[in-house]
Amino acid sequence: MKGVHFLTSTVTILAFTSFLVSAYDPSPLQDFCVAINNPPSAVQAVFVNGKFCKDPKFVTANDFFFSGLQIAKSTVNPVGSTVTAVNVDQIAGLNTLGISLARIDFAPNGLNPPHTHPRGSEILVVLEGTLYVGFVTSNADNNRLISKVLNKGDVFVFPIGLIHFQLNVGYGNAVALAGLGSQNPGVITIANAVFGSKHPINPDVLAKAFQVDNKLVDYLQKQFWYENNQ
C-alpha cells in the first residue's frame, strides 16, 4: 500500500508540475500590449498580441505570398545598406507562425549597424560577397565579441536579444538573407535609440554613461540617424 501511495503521489506531483510548465504567458509580439478594462469605443482602438485572425473560409494563397525579394534595393544612404523585411505586415499568413524573413543589400563597405531583435533569434546566409559579422554577449559574460568573416554560402546565427552587426568587407556589393524566429521580431538600432530617441535622453545621462563630455553628446544627438528597419 505504501508503494501504491508513493506512486500515486508522484504521478500527482508530475501532473501538477506539467500543468505549471504548460501554463505560461504567450511571448509578446510587439513592444507592449496595455490592458484595457472597458469595452472598446470609437476613440479607443483594441490591439491583440499579434493580429486578429481572418475567417479560414476566406483565406487564399495570396495570404501566404510575397513577391519581389529577388530585386536588389538601393543602398544609397548613410550606412550603405538596405533591409527589406518580410514579416507579418507583408505576409498576413505569418500570423502566429513565429517566423519571418529579411533581405539585406550592402554597398561596398556598407554596414547593417549594431542592433538587436527583442523578439527573435536570427540565422543569416550570405548569397553574394563577403561580410564581417558578430554579436556581443551579455554583461554576465563580460560582453565578449563573437565574430567571423563570412563568404558566399556561409551561415551564422545571432541569438535573440543580443547586439549584432554585419559589415561588407568585400570588393563589391553583398547580399544576405536572414530568417528570424518571430512573425514580428522588432529591431532596435543602438545608435538611433540612444542618440536619436524621441524625446532626447538627458545629455547628462549619456555623458556619464559613455564617459564623454556633454558637447559630444549634443553633437551626436543633432545628427540624422538613418533607420534601417528589419
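Two aromatic rings of Phe, Tyr or Trp count as a pair when their centres lie within 6.5 Å, and by that rule the structure you have open, which is a predicted model, holds four aromatic pairs.

**First stop: Tyr132 and Phe165**

Select Tyr132 and Phe165 and show their side chains: the ring centres are 5.4 Å apart and the planes stand at 55 degrees, so this pair is described as tilted. If you then colour the chain by its strands, you will find Tyr132 in strand 5, which covers residues 131-136, and Phe165 in strand 8, which covers residues 164-168, so that the pair links distant parts of the chain, 33 residues apart. With a surface switched on, compare the two partners, for Tyr132 is partly exposed, with a relative accessible area of 25%, while Phe165 counts as buried at 14%.

**Second stop: Phe135 and Phe156**

Staying with strand 5, select Phe135 together with Phe156, which lies in strand 7 (residues 155-158), and note that this pair too links distant parts of the chain, its members being 21 residues apart. Their ring centres are 6.2 Å apart and their planes are at 50 degrees, so this pair is also tilted. Both Phe135 and Phe156 are buried, and when you add Phe158 to the selection you will see a cluster in which ring pairs link these three residues.

**Third stop: the charged side chains**

Now turn from rings to charges, keeping in mind that side chains of opposite charge can pair when their charged atoms come close. A search of the whole structure finds seven salt bridges, and the tour visits some of them.

Begin with Arg103 and Asp105, whose side chains meet in a salt bridge with a distance of 2.8 Å from N to O. Are these two residues buried or exposed? Arg103 is buried, with a relative accessible area of 8%, and Asp105 is buried as well, with a value of 4%, because buried means under 20% relative accessible area.

Next select Lys57 and Asp55, where a salt bridge joins the side chains at 2.9 Å, N to O. Here Lys57 counts as exposed, at 67% relative accessibility, whereas Asp55, with a relative accessible area of 31%, is partly exposed.

Finish at Lys222 and Asp218, whose side chains form a salt bridge of 3.2 Å, again taken from N to O. In this pair Lys222 is exposed, with 63% relative accessibility, and Asp218 is partly exposed, with 34%.

Definitions and conventions. Residues numbered from 1 in each chain as written. Predicted model: local features only at pLDDT ≥ 70, side-chain atom pairs only at ≥ 80, totals over all residues. Heavy atoms only, no water. Salt bridge = Lys/Arg side-chain N within 4 Å of Asp/Glu carboxyl O. Buried < 20%, exposed > 50% of the residue type's maximum accessible area, 1.4 Å probe, protein only. Phe/Tyr/Trp six-rings, centres within 6.5 Å; stacked < 30°, edge-to-face > 60°. Helix = DSSP H or I, 4+ residues; strand = E, 2+ residues; numbered from the N terminus.
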